[in-house]
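Subject: The structure we talked about

Hi,

Here is the structure I promised to pass on. Have a look at it first, and then read on for my notes.

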Amino acid sequence: YHKVHCPYCQRVISILKTKNINIELRDTDKVAAFNTELVQKGGKKQVPCLKITNNGEDTWMYESGDIIKYLNKIT
């Protein structure tokens, strides 16, 4: 979950491109349903947010630094 003009989101997107990680980017400004899902299921309106699904359970990771550390760890 991201916003186009958010510098923290751009940091995460840059790492995704560098590591050639292809995930769906959900722009919460352009699609109201993404914003609603982020708030209702993730619990915050904050971006960037990485939704991690593992064994059918979702974890919502906020903070660009935490997301970047996670991406570096899994790749």
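How much area does the chain expose, and what share of it do carbon and sulfur atoms supply? The exposed area comes to about 5,100 Å², and carbon and sulfur atoms account for 48% of it. Please keep in mind throughout that this is a predicted model.

**Overall picture**

Three helices and two strands make up the secondary structure of the chain. Reading from the N terminus, their order is α-α-β-β-α. The radius of gyration is 12 Å, close to the 11 Å that the globule rule gives for 75 residues, so the chain is as compact as a globular protein of that length. The C-alpha trace spans about 30 × 30 × 20 Å along its principal axes.

Of the 75 residues, 35% count as buried. If you take the contacts between residues at least 6 apart in sequence, 42% of them join residues at least 24 apart. As for charges, the chain has 12 positive and 8 negative ones, and the mean positions of the two sets lie 5 Å apart.

**Helix H2**

Helix H2 covers residues 32-42, and Asn-35 is part of it. Which residues of H2 are buried? They are Phe-34, Asn-35, Glu-37 and Leu-38. Viewed down the axis of H2, these buried residues fall within an arc of 160°, so they line one face of the helix. Turned away from that buried side is a face carrying the exposed residues Ala-32, Ala-33 and Gln-40. Strands E1 and E2 are among the elements that cover the buried residues of H2.

Two residues of this helix deserve a few words each. Phe-34, which sits in H2, has a relative accessibility of 19% and counts as buried, the cut-off being under 20%. Leaving aside neighbours within four places in sequence, Phe-34 is in contact with Tyr-1, Glu-24, Arg-26, Asp-27 and Thr-28. Val-47 lies 13 residues from Phe-34 along the chain, and the C-alpha atoms of the two are separated by 11 Å.

Asn-35 is buried as well, with a relative accessible area of 19%. What does Asn-35 touch once its neighbours within four places in sequence are left aside? The residues in contact with Asn-35 are then Thr-28 and Lys-45.

Just after H2 comes Gly-43, with a positive phi of about 95°.

**Helix H3**

Helix H3 runs over residues 64-74, and its buried residues are Ser-64, Ile-67, Ile-68 and Leu-71. Seen down the axis of H3, they fall within an arc of 100°, so they line one face of the helix. Which exposed residues are carried by the face of H3 turned away from its buried side? That face has Lys-69 and Lys-73.

The cover over the buried residues of H3 includes helix H1 (7-18), strand E1 (49-54) and strand E2 (57-62). For H2, too, E1 and E2 are included in what covers the buried residues.

**In short**

If you want a place to start in the viewer, try the buried faces of the two helices: Phe-34, Asn-35, Glu-37 and Leu-38 in H2, then Ser-64, Ile-67, Ile-68 and Leu-71 in H3. Strands E1 and E2 belong to the cover of the H2 residues and also to that of the H3 residues.

Best wishes

Notes
Residues are numbered from 1 along each chain as its sequence is written. This is a predicted model: local features need pLDDT of at least 70, side-chain atom pairs count only at pLDDT 80 or more; totals for chains, interfaces and linings use all residues. Side-chain values use heavy atoms; hydrogens and water are left out. Helices (H or I, at least four residues) and strands (E, at least two) are DSSP runs, numbered from the N terminus. The radius of gyration is taken over C-alpha atoms; the globule rule is 2.2 Å times the number of residues to the power 0.38. Buried means under 20% relative accessible area, exposed over 50%, partly exposed in between (1.4 Å probe, protein chains only). Contact means heavy atoms within 4.5 Å. Accessible areas come from the Shrake-Rupley method with a 1.4 Å probe; for residues, only the protein chains shown count as cover. Lys and Arg count as positive and Asp and Glu as negative; His and the chain ends are not counted. The place of a charge is taken as NZ of Lys, CZ of Arg, CG of Asp or CD of Glu. The arc is that of the directions from the helix axis to the C-beta atoms.
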